[in-house]
Amino acid sequence: MTASLGRTGLALYSAALIGLLVLSGIRPYEAGTWAMEVAPVAIVLPVLWFTHRRFPLTPLLYALIFAHAAVLMLGGHYTYARVPLGEWAREAFDLQRNHYDRLGHLMQGFVPAIAARELLLRHTPLRPGGWLFTLVTAVALAISAIYELIEYAAAVALGAGADEFLATQGDPWDTQKDMLMAWIGALLAQWLLARWHDAQLRRLASTPQP
């Protein structure tokens, strides 16, 4: 496996993301909700290209960013409360609601945890261990909290028009549950991927950068 994703690999990821973005924007359930949900994809993709030469990321992190973007775009097209995958799970397991948004918030902790871990290991004296684990978890929770504040601002600004974006589905504890999922995602990412991530970081550190 290469130390990082080459320009060809990044171009393939980008083409796939742009293609999915276009598809998700064709007759979405609610155009305003779609725009708000996919905005992070439109912001992150140029950043990845701008930083690729001087600060390439590990292949693992690029792949996770792609997966997270796909989750966002699917949720943006249907709105999180109406994604067919969530509807299938609701019927198959006799659930009370569409839980696709829980997957979105799990990813909201899972992917930023690996991103924060990578930045902290490459730009600070921190090494794998308890302090790194704690700080990465805190960063992921902070990102989740910021997103919930954005949802609050949307609710204040748009009123009932923000219902599709909020996707609470009548649950008064939706915000707390969303943050719980992000926390679980951050923990799982570190428990499951830390060794794999460390191996890729070592390969990246041993490769001369332009």
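**Exercise 1. The salt bridge of D178**

Find the residue whose side chain meets D178 in a salt bridge, and give the N to O distance.

*Solution.*
Step 1. Set the criterion: a side-chain nitrogen of Lys or Arg within 4 Å of a carboxyl oxygen of Asp or Glu.
Step 2. Apply it to D178. The partner is R102, at 2.7 Å from N to O.
Step 3. Place the two ends. D178 is in helix α8 and R102 in helix α5, 76 residues apart, and the pair links distant parts of the chain. Helices here are DSSP runs (H or I, at least four residues), as strands are (E, at least two), and they are numbered from the N terminus.
Step 4. Check exposure. Both D178 and R102 are buried. The classes are buried under 20% relative accessible area, exposed over 50%, and partly exposed in between, with a 1.4 Å probe and protein chains only.

The model is predicted: local features need pLDDT of at least 70, side-chain atom pairs count only at pLDDT 80 or more, and totals for chains, interfaces and linings use all residues. Residues are numbered from 1 along each chain as its sequence is written, and side-chain values use heavy atoms, with hydrogens and water left out.

**Exercise 2. From pair to network**

Determine which residues are linked with R102 in a network of salt bridges.

*Solution.*
Step 1. Look for another partner of R102. D101 forms a salt bridge with R102, at 3.7 Å from N to O. D101 is buried, as is R102.
Step 2. Extend the links. The network holds R97, D101, R102, D174 and D178.
Step 3. Count salt bridges over the structure. The rule gives eight.
Step 4. Take another one of them. R117 pairs with D198, with the closest N and O atoms 2.8 Å apart. R117 sits in helix α5 and D198 in helix α8, 81 residues apart; this pair, too, links distant parts of the chain. R117 and D198 are both buried.

**Exercise 3. A buried glutamate**

State whether E148 is buried or exposed, and find its nearest side chain of opposite charge.

*Solution.*
Step 1. Locate E148. It belongs to helix α6 (residues 130–158).
Step 2. Classify it. E148 is buried, yet it has no salt bridge.
Step 3. Search for opposite charge. Lys and Arg count as positive, Asp and Glu as negative; His and the chain ends are not counted. The nearest such side chain is R102, 7.7 Å away.
Step 4. List the contacts (heavy atoms within 4.5 Å). Leaving out residues up to four places away in sequence, E148 touches H105, T175, D178 and M179.

**Exercise 4. Aromatic geometry**

Classify the ring pair Y80 and Y100 from the distance of the centres and the angle of the planes.

*Solution.*
Step 1. Set the rule. Rings of Phe, Tyr and Trp (its six-membered ring) pair if their centres lie within 6.5 Å; planes under 30 degrees apart are stacked, over 60 edge-to-face, and the rest tilted.
Step 2. Count. The structure holds four aromatic pairs.
Step 3. Classify. Y80 and Y100 have ring centres 5.5 Å apart and planes at 35 degrees, so this pair is tilted.
Step 4. Place the rings. Y80 is in the loop between α3 (59–78) and α4 (84–92), and Y100 is in helix α5 (residues 100–123), 20 residues apart. Y80 and Y100 are both buried.
Step 5. Take another pair. W88 and F93 are edge-to-face, at 6.0 Å centre to centre and 85 degrees between the planes. W88 is exposed at 55% relative accessible area. F93 is also exposed, at 56%.

**Exercise 5. The nonpolar core**

Find how many residues the largest nonpolar core has, and which helix supplies its largest share.

*Solution.*
Step 1. Build the set: buried Ala, Val, Leu, Ile, Met, Phe, Trp, Tyr and Cys residues joined through side-chain atoms within 4.5 Å.
Step 2. Read the result. The largest core has 35 residues; L57, Y62, L64, I65, M73, I114 and L193 have the most contacts inside it.
Step 3. Assign helices. α1 (7–24), α2 (31–51), α3, α5, α6 and α8 (174–205) each give at least two residues. α3 supplies the largest share, nine residues.
Step 4. Zoom in on I65. Not counting residues up to four places away in sequence, I65 touches V44, L48, L57 and V111.

**Exercise 6. Positive phi**

Compare the exposure class of R27 with that of T79.

*Solution.*
Step 1. R27 is in the loop between α1 and α2. Its phi is near 50 degrees.
Step 2. T79 is in the loop between α3 and α4. Its phi is about 75 degrees, positive although T79 is not a glycine.
Step 3. R27 is exposed at 77% relative accessible area, whereas T79 is buried at 0%.
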